[in-house]
There are 2 protein chains.
Amino acid sequence: MSPTDRTRVRRVASNAHYDSATLHAIVDDAYLCHIAFSDSKGAHCIPTACWREGDYLYIHGSNGSRMVKHLLENDCCVTITHVDGLVLARSAFNHSMNYRSAMIYGRFDAVQGNAARNAMVAFMEKLAPGRQVEIRPGSDKEYAATTVLRIPLAEAACKLRSGGVEDDQEDLSWPVWAGVLPWTRAALPPQPDAACKMPAPPYVLAWSKCSSAT
Amino acid sequence: MSPTDRTRVRRVASNAHYDSATLHAIVDDAYLCHIAFSDSKGAHCIPTACWREGDYLYIHGSNGSRMVKHLLENDCCVTITHVDGLVLARSAFNHSMNYRSAMIYGRFDAVQGNAARNAMVAFMEKLAPGRQVEIRPGSDKEYAATTVLRIPLAEAACKLRSGGVEDDQEDLSWPVWAGVLPWTRAALPPQPDAACKMPAPPYVLAWSKCSSAT
């Protein structure tokens with residue numbers, strides 16, 4: 001992607017990335033995005049679940065939602081940010097964070113009919129691979145009450161910081177610990193519903209393993 | 001806080017909270033917020049580090065930043081969201097996420113002089129308690145190039161979902177595992193700078209413990 005006037009990163013431009021692989025990886029690691037849009041009451045920043053298929057980011061909402069109605073008629077900015085750690089430098093103003101962020105500009109459109117159903121199935125597949133065939137599927141009424149929206153990943157920019165401390169040469173001898181305190185998103189043990197008598201399926205067992213591995 | 005026209009939650013209003021204790025807890029658990037504002041190019045959603053003191057949320061930025069300049073002259077919306085887990089219901093459309101979110105409306109103002117320095121010290125204290133006295137402190141020049149901004153936590157709303165699956169009565173016998181797959185933010189082992197010969201201070205040792213405990 002070529003940067004546009006809206007997506008060109010000015011601050012620490014060396015941390016900017018405009019390639020699809022970087023963008024897709026950031027979106028695929030997210031369960032949530034924040035969407036900025038403005039109406040007569042001002043700017044709003046709304047968190048909502050998201051997923052990706054191909055070169056589109058998808059969200060869904062109730063037909064009656066103010067956000068859904070507004071997004072179909074106006075441009076917006078969708079942002080995803082992962083914070084990966086604290087960077088503890090030797091000098092106060094060289095402290096930083098490691099992060100991966102993506103900003104997408106454009107307009108959502110509504111996905112209709114089978115395409116909407118397929119998108120919702122893809123969302124379930126992201127959340128819990130293999131679960132779609134096990135659950136009570138959505139009814140026509142449930143699908144009809146839900147709007148699936150997608151925005152092209154065409155006008156977008158990523159900004160990343162990774163790696164270690166960047167201190168100025170004259171600060172390197174300052175007698176203080178320096179380094180990175182990293183985080184990750186870690187699974188905790190699954191919590192079965194009290195009334196659930198079914199054995200845990202593979203994606204739940206995998207969640208447990210993920211939990212014990214961290 | 002009483003909800004205003006901008007902060008009153010309409011969707012699943014039973015999940016809304018307007019009390020300061022809930023708001024403070026959500027802000028204090030965050031290192032990052034997303035800020036929505038609009039300019040002549042449209043709506044923007046910018047991630048930035050944040051911290052709280054009293055009834056204000058603080059951010060900082062370079063004096064020359066477009067966002068800093070804009071935020072001092074226009075209203076915005078600041079949102080913080082923590083995703084706590086996936087809620088796997090027996091029916092497709094009762095799937096959900098557990099989350100804690102806060103939205104704050106208003107306008108930032110610039111914090112000046114000693115108040116700005118004190119706010120930056122409070123930020124460091126949040127990131128790494130006790131570190132401020134160890135580091136090479138900010139110079140007058142560094143402080144002068146940085147703007148500290150704060151927004152009152154006066155017009156705000158929180159929305160939370162926690163707990164288990166909420167299936168409809170007629171779906172309870174559907175033969176599928178149901179429950180919650182929870183997450184947490186977990187520390188990974190500290191990564192000392194290659195040139196660092198200093199022993200790890202208490203807040204770094206505490207980070208390691210936090211890591212092994214998960």
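Which residue stands opposite A:Y105 in β10(A)? The residue is A:E155. I will use that pair as the way into the sheet of chain A, and then move to the helix, the core and the two-chain contact. Please keep in mind that this is a predicted model.

The pair A:Y105 and A:E155 belongs with the strands β7(A) and β10(A), which run antiparallel and share seven bridges. Strand β10(A) has another antiparallel partner: β1, residues 16-17 of chain A, pairs with β10(A) over two bridges. There, A:K159 in β10(A) is the residue opposite A:A16.

Going the other way from β7(A), we come to β6(A). These two strands are joined by 11 bridges, again in the antiparallel sense. A:I80 faces A:A102 of β7(A) in this pairing. Strand β6(A) also pairs with β2, residues 32-39 of chain A, antiparallel and over three bridges. In that case A:A36 stands opposite A:C77 in β6(A). Then there is β11(A), which runs antiparallel to β6(A) and is joined to it by four bridges. A:G85 has A:P182 of β11(A) as its bridge partner.

How many of the 13 residues of β6(A) are buried? The count is 10, so the strand is largely enclosed by the rest of the structure.

Next, the helix α1, residues 20-28 of chain A. Its buried residues are A:L23, A:I26 and A:V27. They sit on the same side of α1(A), because the arc they cover around the axis is only 95°. As background, an α-helix has 3.6 residues a turn, so residues three or four places apart point the same way. On the other side of α1(A) we find A:A21 and A:D28, both exposed. What do the buried residues of α1(A) pack against? The list is β4, β5, β6, β7 and β10 of chain A. Three of those names, β6, β7 and β10, have already come up in the pairings β6(A) with β7(A) and β7(A) with β10(A).

Now the core. The largest nonpolar core has 115 residues, and A:A36 and B:A36 are those with the most contacts inside it. Leaving aside neighbours within four places in sequence, A:A36 touches residues of chain A, including A:A43, A:C45, A:C76 and A:C77. From chain B, the contacts of A:A36 are B:A36, B:A43, B:H44 and B:C45. As a general point, nonpolar side chains in soluble globular proteins tend to be buried together.

That brings us to the interface. In total, 76 residues of chain A are in contact with 76 residues of chain B. On the chain B side, β11(B) gives the most, with nine residues. Other elements that give two or more residues include β2, β3, α3 and α5 of chain B. By class, this side of chain B has 47 nonpolar, 16 polar and 13 charged residues. There is strand pairing across the chains as well: β11, residues 179-187 of chain A, and β12(B) are antiparallel partners over two bridges. A:V180 has B:Q191 in β12(B) as its bridge partner.

Last item, the domains. Chain A is assigned domain 1, residues 13-183, and domain 2, residues 184-214. Their C-alpha centres lie 24 Å apart. Seven residues from domain 1 of chain A and four residues from domain 2 of chain A make up the contact between them. The domain 1 side of that contact has four nonpolar, one polar and two charged residues.

Definitions and conventions. Residues are numbered from 1 along each chain as its sequence is written. Chains are lettered from A and ligands numbered from 1 in the order in which they are written. This is a predicted model: local features need pLDDT of at least 70, side-chain atom pairs count only at pLDDT 80 or more; totals for chains, interfaces and linings use all residues. Domain bounds come from an automatic or database domain assignment. Two residues are in contact if their C-beta atoms, placed from the backbone, lie within 7 Å. Ala, Val, Leu, Ile, Met, Phe, Trp, Tyr, Cys and Pro count as nonpolar, Asp, Glu, Lys and Arg as charged, and the others, Gly among them, as polar. A residue is buried if 20 or more other C-beta atoms lie within 10 Å of its own, exposed if 12 or fewer, and partly exposed in between; C-beta atoms are placed from the backbone. The arc is that of the directions from the helix axis to the C-beta atoms. Two strands pair if DSSP finds at least two bridges between them. A nonpolar core is a set of buried Ala, Val, Leu, Ile, Met, Phe, Trp, Tyr and Cys residues joined through C-beta atoms within 7 Å.
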